[in-house]
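Biologist: Could we go through this protein step by step, beginning with its overall fold and ending with single residues?

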Amino acid sequence: MSKQRFASVWEAIEDTPEEAENMKLRSVLMMALQNHLSRSQMSQAQAAKLFGVTQPRISDLMRGKIGLFGLDALVNMATAAGLQVELRVHEAA
């Protein structure tokens, strides 16, 4: 059995490098939103109203259901939460 090394868990479980990058970005945004909501002690109902989504959608976010969220939705939520989203692009190693 060979021991293959991966730079991230997403590279190990996703089929393509493109899917892995997308999942990495989504996970960073989700964690930032989860941390923000936990720090602010905002209820899920309050967060839903702020983000313009339903409370069950916030529950999905807080439970880490990453497959239910696209990058656009997460960027929109982060912006509504008052977070600044930045993206850096550089040559792969």
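The questions and answers below concern a predicted model.

Biologist: Which pattern does the protein follow when read along the sequence?

Modeller: The secondary structure comes to five helices and zero strands. Read from start to end, the pattern is therefore written with helix symbols alone, given that helices and strands are taken from DSSP runs. The pattern is α-α-α-α-α.

Biologist: What percentage of the residues of the protein count as buried?

Modeller: A residue counts as buried when its relative accessible area is under 20%. The protein has 93 residues. The accessible surface of the protein comes to about 6900 Å², and 53% of that surface belongs to carbon and sulfur atoms. The share of residues that count as buried is 27%.

Biologist: Which helix gives the most to the largest nonpolar core?

Modeller: The largest nonpolar core has 16 residues, and Leu 33, Phe 51, Leu 61 and Leu 74 have the most contacts inside it. At least two residues of this core come from each of helix 2 (17-40), helix 3 (44-51), helix 4 (55-62) and helix 5 (71-80). With five residues, the helix that gives the most is helix 2.

Biologist: Which residues are in contact with Leu 61, leaving aside its neighbours within four places in sequence?

Modeller: Leu 61 is one of the residues with the most contacts inside the largest nonpolar core. Contact here means heavy atoms within 4.5 Å. With neighbours within four places set aside, the partners of Leu 61 are Met 30, Leu 33, Gln 34, Leu 37, Phe 69 and Leu 74.

Biologist: Is helix 3 roughly parallel or roughly perpendicular to helix 4?

Modeller: The axes of helix 3 and helix 4 are 8 Å apart, and the two helices pack at an angle of about 105 degrees. Angles of 65 to 115 degrees count as roughly perpendicular. Helix 3 is therefore, with respect to helix 4, roughly perpendicular.

Biologist: How many nonpolar residues are there in the contact of helix 3 with helix 4?

Modeller: From helix 3, Gln 44, Ala 45, Ala 47, Ala 48 and Phe 51 take part, and they meet Gln 55, Ile 58, Ser 59 and Met 62 in helix 4. Among the residues of this contact, three are polar and none is charged. The number of nonpolar residues is six.

Biologist: How far apart in space are Ser 38 and Met 62, C-alpha to C-alpha?

Modeller: Ser 38 is found in helix 2, and Ser 38 is partly exposed, with a relative accessible area of 48%. Ser 38 and Met 62 are 24 residues apart in sequence. In space, their C-alpha to C-alpha distance is 9.1 Å.

How values were computed: Residues are numbered from 1 along each chain as its sequence is written. This is a predicted model: local features need pLDDT of at least 70, side-chain atom pairs count only at pLDDT 80 or more; totals for chains, interfaces and linings use all residues. Side-chain values use heavy atoms; hydrogens and water are left out. Helices (H or I, at least four residues) and strands (E, at least two) are DSSP runs, numbered from the N terminus. Buried means under 20% relative accessible area, exposed over 50%, partly exposed in between (1.4 Å probe, protein chains only). Accessible areas come from the Shrake-Rupley method with a 1.4 Å probe; for residues, only the protein chains shown count as cover. A nonpolar core is a set of buried Ala, Val, Leu, Ile, Met, Phe, Trp, Tyr and Cys residues joined through side-chain atoms within 4.5 Å. Axes are lines fitted to C-alpha atoms, for helices over the stretch in contact, and angles run from 0 to 180 degrees between N-to-C directions. Angles under 35 degrees count as roughly parallel, over 145 as roughly antiparallel, 65 to 115 as roughly perpendicular and the rest as oblique. Ala, Val, Leu, Ile, Met, Phe, Trp, Tyr, Cys and Pro count as nonpolar, Asp, Glu, Lys and Arg as charged, and the others, Gly among them, as polar.
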